[in-house]
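Here are a few notes to help you find your way around this structure. Have a look at it first, and then read on.

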Amino acid sequence: MAYIGQMNAAIEEGKMTGFSCAKCGRKGITFAVACQTCGSADLQPFTFSGNGRIRAFTILTVPSEQFVNDAPYTYVVVDLDEGCGVSGWMPDIRSKNEVAVGDRVRFTRSYRRGIVFEKIIAKEHGSDSSPEAADAV
Ligand SMILES: [Zn+2]
């Protein structure tokens with residue numbers, strides 16, 4: 001499918017693309033022929049910032065074959081700032097002590113396959129005192 005090829009090419013360039021519904025504003029990262037919220041087919045191309053917050057994660061020590069050389073790594077579901085969820089992975093996070101739900105992350109250009117996220121390092125010491133952690137839903 002042409003769209004998937006375009007999306008993968010964009011990811012290789014360090015851009016996260018998707019669509020925005022012209023009618024209700026819903027954002028999506030995966031291809032759709034119609035908006036899942038309002039059903040409109042008027043979906044416009046949209047480029048995400050790639051910044052978001054971890055909604056869920058799991059450490060994979062027994063990965064699928066294509067990631068076998070990368071284990072252990074962290075599979076994440078990220079709520080992007082623009083209001084859309086996307087799954088990806090964090091190659092450098094190998095222990096649950098290094099990651100938490102609510103952590104700020106960003107999409108990063110990588111030679112690795114798939115959608116790679118990295119942590120946004122807070123300027124202050126200690127993640128508990130971060131104002132961003134306090135407003136987590
Ligand atoms: Zn819509």
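1. A term to start with: a residue is called buried if 20 or more other C-beta atoms lie within 10 Å of its own, exposed if 12 or fewer do, and partly exposed in between. Please keep in mind that this is a predicted model.

2. With that in hand, is Thr 30 buried, exposed or partly exposed? Thr 30 counts as partly exposed, because it has 13 C-beta neighbours inside 10 Å. You will find Thr 30 in the loop that runs between strand 2 (27–28) and strand 3 (43–48). Its C-alpha atom is separated by 6.3 Å from that of Gly 18, a residue twelve places away along the chain.

3. Now for the overall layout. The chain has two helices and eight strands, and their order along the sequence is α-β-β-β-β-β-β-β-β-α. Of the 137 residues, 23% are buried. Taking contacts between residues at least 6 apart in sequence, 45% join residues at least 24 apart.

4. The largest nonpolar core is a good place to linger. It has 20 residues, and those touching the most other members are Ile 54, Val 76, Val 78, Val 86 and Phe 117. Two or more residues come from each of strand 4 (51–60), strand 5 (73–80), strand 6 (84–90) and strand 7 (104–107). Strand 6 gives the most, with four residues. Both domain 1 (1–48) and domain 2 (49–137) supply at least three residues to this core.

5. Finally, which residues does Val 86 touch, leaving aside those up to four places away in sequence? They are Ile 29, Val 78, Leu 80 and Ile 115.

Terms used. Residues numbered from 1 in each chain as written. Predicted model: local features only at pLDDT ≥ 70, side-chain atom pairs only at ≥ 80, totals over all residues. Contact = placed C-beta atoms within 7 Å. Core = buried A, V, L, I, M, F, W, Y, C linked by C-beta atoms within 7 Å. Domains from an automatic or database assignment.
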